[in-house]
Amino acid sequence: CIRDSAWEGVERISERTAKLRLARNFLERALSQSKAVSLTLDAETYLVFSGDAENLEFVAPLSEHVGIPGLYVLRLRLLNGDDRRLLLTRWLLHPDVLNGTEEIPEWEPFDGTFGIAQERADEDEDVAAGAYGTTVLLDGVDEFELAYFGLQEGELPGAEGSWYEDWFDQRRQPMAVRVRLTTAEQTWPDMLMRLPDPEE
């Protein structure tokens with residue numbers, strides 16, 4: 001009947017709104033706890049924080065619900081297609097996990113492109129007792145847009161900082177990240193997340 005159909009429509013919208021709220025809450029919590037971590041690969045040191053308008057990689061703690069509590073390299077990626085999905089891939093911050101195994105793709109710093117490791121990471125999987133895995137954080141994404149505020153290399157010390165569309169090859173994290181995340185059913189104001197100051 002018409003009433004049942006209308007109620008089902010309301011329930012669907014309510015469920016998608018709840019999923020958007022969960023995704024936004026996760027991003028807010030993770031970014032507010034991000035850690036400035038540098039790793040050395042092939043004699044080169046990388047700050048594990050990089051991103052562009054639709055992808056972001058950083059380090060933050062995850063709790064025991066993923067299997068192993070601790071610090072993780074978290075990579076957010078918007079998968080374009082019929083069902084635009086926001087995918088979260090995680091690597092436990094441990095050499096045995098980051099170096100890769102038969103089950104786990106080797107972690108490589110995100111530099112604006114995706115290699116074989118990321119192609120494997122696009123498959124939904126959760127392996128090594130939760131030390132590595134992928135999760136669809138949100139499907140049906142209408143907008144996912146990132147911007148970064150801070151001082152990039154070459155800016156004079158004491159400058160106030162600027163907004164950037166990407167953050168690559170930097171020695172420090174940005175001071176803040178702006179996140180726009182909406183679905184067709186729900187539009188919320190942008191999130192403006194201040195990142196922890198490693199010197200505090």
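I looked up Y148 and found it buried at 0% relative accessibility, where buried means under 20% relative accessible area with a 1.4 Å probe, protein chains only. This is a predicted model, in which local features need pLDDT of at least 70 and side-chain atom pairs count only at pLDDT 80 or more, while totals for chains, interfaces and linings use all residues. Residues are numbered from 1 along each chain as its sequence is written, and side-chain values use heavy atoms, with hydrogens and water left out.

**Aromatic pairs**

I checked ring pairs next, taking Phe, Tyr and Trp (its six-membered ring) with centres within 6.5 Å; planes under 30 degrees apart are stacked, over 60 edge-to-face, the rest tilted. I got six aromatic pairs this way. F49 and Y148 are edge-to-face, because their planes stand at 90° with the ring centres 6.3 Å apart. F49 is in the loop between β2 (44-47) and β3 (50-51), and Y148 is in strand β9 (residues 141-150), 99 residues apart. I took helices (H or I, at least four residues) and strands (E, at least two) as DSSP runs, numbered from the N terminus. F49 is buried too, at 2%. With F58 added, F49 and Y148 make one aromatic cluster.

Which way do F110 and F168 pair? I found them tilted, with 55° between the planes and 5.6 Å centre to centre. F110 sits in the loop between α2 (95-98) and α3 (116-121) and F168 in the loop between β10 (162-164) and β11 (176-183), so this pair ties together parts 58 residues apart in sequence. F110 comes out buried at 4% relative accessibility.

**A charge over a ring**

I noted the charged end of R178 over the ring of W163, 4.5 Å from the centre. The rule here wants NZ of Lys or CZ of Arg within 6 Å of the ring centre and within 35 degrees of the ring normal.

**Core and contacts**

I pulled up the largest nonpolar core, which has 44 residues; such a core is a set of buried Ala, Val, Leu, Ile, Met, Phe, Trp, Tyr and Cys residues joined through side-chain atoms within 4.5 Å. Among the members touching the most others are F49, F58 and L27. Helix α1 (residues 2-32) gives the most to this core, six residues.

I listed contacts (heavy atoms within 4.5 Å) for F58, skipping neighbours within four places in sequence, and they include L31, F49 and L74. L31 belongs to helix α1 and is buried at 1%. The C-alpha atoms of L31 and L195 are 6.3 Å apart, with their positions 164 residues apart along the chain.

Note on methods:
Buried < 20%, exposed > 50% of the residue type's maximum accessible area, 1.4 Å probe, protein only.
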